[in-house]
Amino acid sequence: MGENWARLVERRRDTLGDVLLALAVLAFAVPAILTGRSFSLMPVPETVRLAVSSAAAAAMLVRRRTPWPLVTGTAACALFAGQLVPLTLAAYALTAERGGRHRLGAVAALAGAYVVVDRVSPYTDHAPLLAIIWAAALVCLPALVGHWVWRYRAMIRELRERGRADQEQAAALERRRIARELHDTVTHAVTVMVLNAGLIQDTEDLGEIRKLARAIEDKGVRALTELRELLTALRSSDLPPSAESVEGIPRLVEEGRATGLRVALHYEVAEEALSRQAGHACYRVVQEGLNNVRRHAPGTDVQVVCETRGETLNVSVVNSGESGGGGGRAAPARVPAHEGSGYGLTGLSERVELQGGRLTYGPTADGGFAIHAVIPYRPPERPAR
């Protein structure tokens, strides 16, 4: 019951506030009128005074849409029923909804009505200076408090909107990080497995079939392990324990050669000075480059370079523009090319940029394709939040 009431109050908070203000106006005006403690600038019946007070209370219910019914209603209540407290409530209610700057005229009208009624009230000492002081204290000051409340509410709304925007941005970044990991893990594994399966169909050598089958099994087990660890570390910025680094690049090259690629490797890396994140990004660059060659140019010569220069790690995968001769096995054309998708290279660019590096790619002069990355030894320090 308590929770239901709390949810109702949260949903109808503005409406309940307006109703409470309207009841406060009636609570101050009606008893004074019925007990003869009210006065008017001109003789009017008691029913008129009650009607004017009821109109002032009803004006509280529409104060969010327009201020003038509240100004005229409470001013009439003061002039014809002698009730000044509704002016105080009206001053606060007006500025708490829209801010004092937008309603200075309305607040000035309420203060003027307060001074006039105070001057003619039989219950005051008729001192002009005191009337002005009381108007400032009981009309202008509540209006200022209402303005502060309006500013506070606006600040809370802005902070909430900014928080929602930050959450949406963080969720988008997390989705893209997951997409990068899944693409790099699944695409490479499935591509190698499909190519090996195609080579099995093209050979009758039992020993070669067993070798390719073992390669398929090994790649499948490794991909399942990476996916399992990726799922367990999904909400963490740390890499899974089995995440490959630069030391896995020679194995990538051997896998490429086993599936028919003609790959040359130049590898000179100071592995001990390289962070895990930077090394993993380097590994993914070579992996994506070899996968693209398998899909788009399986018969070309490929040059893989991974070397340190100064304080950066330079990684490149370049394939020639024409298929060369030689005894290399041609890869079967069973892997879909996904032309125009660009997910792999886009995700690769994001991965390298997160390490403070830069990725460039595009066609070469001889019609081939090149991917080149420059990665610092260690990722840049991130500012504390």
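Let's start at R162. At 45% relative accessibility, R162 is classed as partly exposed. Keep in mind that this is a predicted model.

What does the side chain of R162 meet in a salt bridge? The partner is E158, at 2.9 Å, N to O. E158 is partly exposed too, because its relative accessible area is 43%, and partly exposed covers the range between 20% and 50%. Both residues sit in helix α7, which runs over residues 128-201. They are 4 residues apart, about one turn of the helix.

How many salt bridges does a search of the whole structure find? It finds 5. I'll take two more of them.

Next, R295 and E288. Their side chains meet in a salt bridge at 3.8 Å, N to O. Are these two buried or exposed? R295 counts as buried, at 14% relative accessibility. E288 is buried as well, with a relative accessible area of 3%. The cut-off for buried is under 20%.

Then E307 and R309. Here the side chains meet at 2.6 Å, N to O. E307 counts as buried because its relative accessibility is 12%, and buried means under 20%.

Now to helix α10, residues 276-296. The helix has 21 residues. From first C-alpha to last, α10 reaches 30 Å, close to the 30 Å expected at 1.5 Å a residue. How much of α10 is covered? Mostly covered: 18 of its 21 residues are buried.

C282 is found in this helix, α10. Its relative accessibility is 0%, so C282 counts as buried. Look across to L313. C282 and L313 are 31 residues apart in sequence, yet 8.2 Å apart in space, C-alpha to C-alpha.

On to the strands. β1 covers residues 262-268, and β2 covers residues 300-309. In which sense do they pair? Parallel, over 7 bridges. Take A264 as a marker: its bridge partner in β2 is Q303. The chain goes from β1 through α10 to β2, and the β-α-β crossover is left-handed. Please look at that one on the screen.

Last, the surface. Which residues make the nonpolar patch? V19, L20, L23 and L61. The patch is about 360 Å². L61 lies in a loop, between α3 (46-59) and α4 (68-81). At 42% relative accessibility, L61 counts as partly exposed.

To recap. The E158 and R162 bridge lies within α7. The crossover from β1 through α10 to β2 is left-handed. And L61 is one of the residues in the nonpolar patch. Thanks, that's it from me.

Conventions. Residues numbered from 1 in each chain as written. Predicted model: local features only at pLDDT ≥ 70, side-chain atom pairs only at ≥ 80, totals over all residues. Heavy atoms only, no water. Patch = residues over 30% accessible without salt bridge, like charges linked within 9 Å, V, L, I, M, F, W, Y side chains within 5 Å. Areas by Shrake-Rupley, 256 points an atom, 1.4 Å probe, with all protein chains shown as cover. Salt bridge = Lys/Arg side-chain N within 4 Å of Asp/Glu carboxyl O. Helix = DSSP H or I, 4+ residues; strand = E, 2+ residues; numbered from the N terminus. Buried < 20%, exposed > 50% of the residue type's maximum accessible area, 1.4 Å probe, protein only. Expected span 1.5 Å × (residues − 1). Pairing = 2+ DSSP bridges. Right-handed = clockwise from strand over helix to strand, strands pointing away.
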